[in-house]
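Me: I should like a close look at a single part of this structure, set out in connected prose. Please explain each term as it arises.

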Amino acid sequence: MPVLHCLRRAAVVLLLAAATLYAALARPAAADEPGWTAEPATGAAATAVRPYFYLAGAPGTVLEDRLALANTTDRERTITLRGADAYNTADGAFAVRPATPGAGAAAAAGAGSWISFGTATTVKVPPRTRAVVPFTLTVPPASPPGDHPAAVIATEGGHEVGVRVHLRVGGPTLAALTVEDVAVRGRGAAAVIAYTLVNRGNVALTPELRIRAEALVGEPAAPPRGRTPPVELLPGQRVELTEPWPGAPAFDRVRVTLTVTAPGGARAVATGTRWLVPWGLAGWTGGGLLGLGATTAAALYLVRGRRPEPGPAPGGPSAAGPTPPAPHHELTGAAR
């Protein structure tokens, strides 16, 4: 028995090793492991790593910062640099405009176009080397105050690395938002509360959501009372979000009220109502109403078919009109 147990363990170890080797050979290393990184550069005395660039200045000023490119491979890397405007996708994700505007990406001249690397738009980084590339961001004199999201994009061999740029132009700021298109979709465990958030101000917002649900008949299971959606809503952007509601009533009329707040005094409230009816009950009810309508129509048809024709009024003319006189026949050739 001990020998058999050892053989089984050895077989399992061999199988695991073979599977690991197969996965390593089948995985495309170039796709997931570019061999280089891009991040904000830190000073000689700085120890903390900056997750993004944060720049602030008045209209007409020129701001400066540095990007660090680290090549961890044994071959030279040729990396292309550019600035890009940032925006929210429909579901709230952070995205950047492509170098050549295409479908779904308008050619907006935002803060990305204010970033310049001078003549260093293409940088060759030797093997096992870290290169620091300076860049400038020139704020146009007529720039409106508030947040202007952008990013620095580094590209090499089809692989892109983006570093966010949080730019705030000096002046009055306004935190304002609206919540729109509140609706309940789906039924049962698949029910969700859908809504749209719109940033009406000039600063980025991190909204907090509170939901209250009411029903006409019963007491619905409460949806998530308060939470922070995983989205940073950029100025002027619109996102469509959903919240799961597995405890939605199976048969009731529900009213959902959403209250959204954000730092800076932003607040918005909106409601949505809907009848929730199970598909089976809805089909049975519709079929019953259709059958009732057909039965009513057939009954009316039969009643009209059996109704007697009206007869002539007593002492009045016949319904068929006056009776014509009897014809007079004259016989000829008769004996006298």
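Reply: The account below concerns the largest pocket, followed by a brief view of the chain around it. This is a predicted model, in which local features need pLDDT of at least 70 and side-chain atom pairs count only at pLDDT 80 or more, while totals for chains, interfaces and linings use all residues. Residues are numbered from 1 along each chain as its sequence is written, and side-chain values use heavy atoms, with hydrogens and water left out.

The largest pocket has a volume of about 290 Å³. A pocket here is an open set of points, on a 1 Å grid over the protein atoms alone, where a 1.4 Å probe fits, with protein on both sides within 12 Å along at least five of seven lines; lining residues have an atom within 4 Å of a point. The volume is the space filled by probe spheres set on the points, which are joined across faces, edges and corners.

There are 18 lining residues, and the closest to the centre of the pocket are Ala86, Gly110, His148, Pro149 and Pro235. By type, the lining divides into ten nonpolar, five polar and three charged residues. In this scheme Ala and Pro count as nonpolar, and Gly as polar. Strand 4, residues 77–88, gives the most to the lining, with three residues; a strand is a DSSP run of E with at least two residues, and a helix a run of H or I with at least four, numbered from the N terminus.

As for the surroundings, the chain has three helices and 18 strands. Of its 336 residues, 32% are buried, that is, under 20% relative accessible area with a 1.4 Å probe, protein chains only.

Note on methods: Buried < 20%, exposed > 50% of the residue type's maximum accessible area, 1.4 Å probe, protein only.
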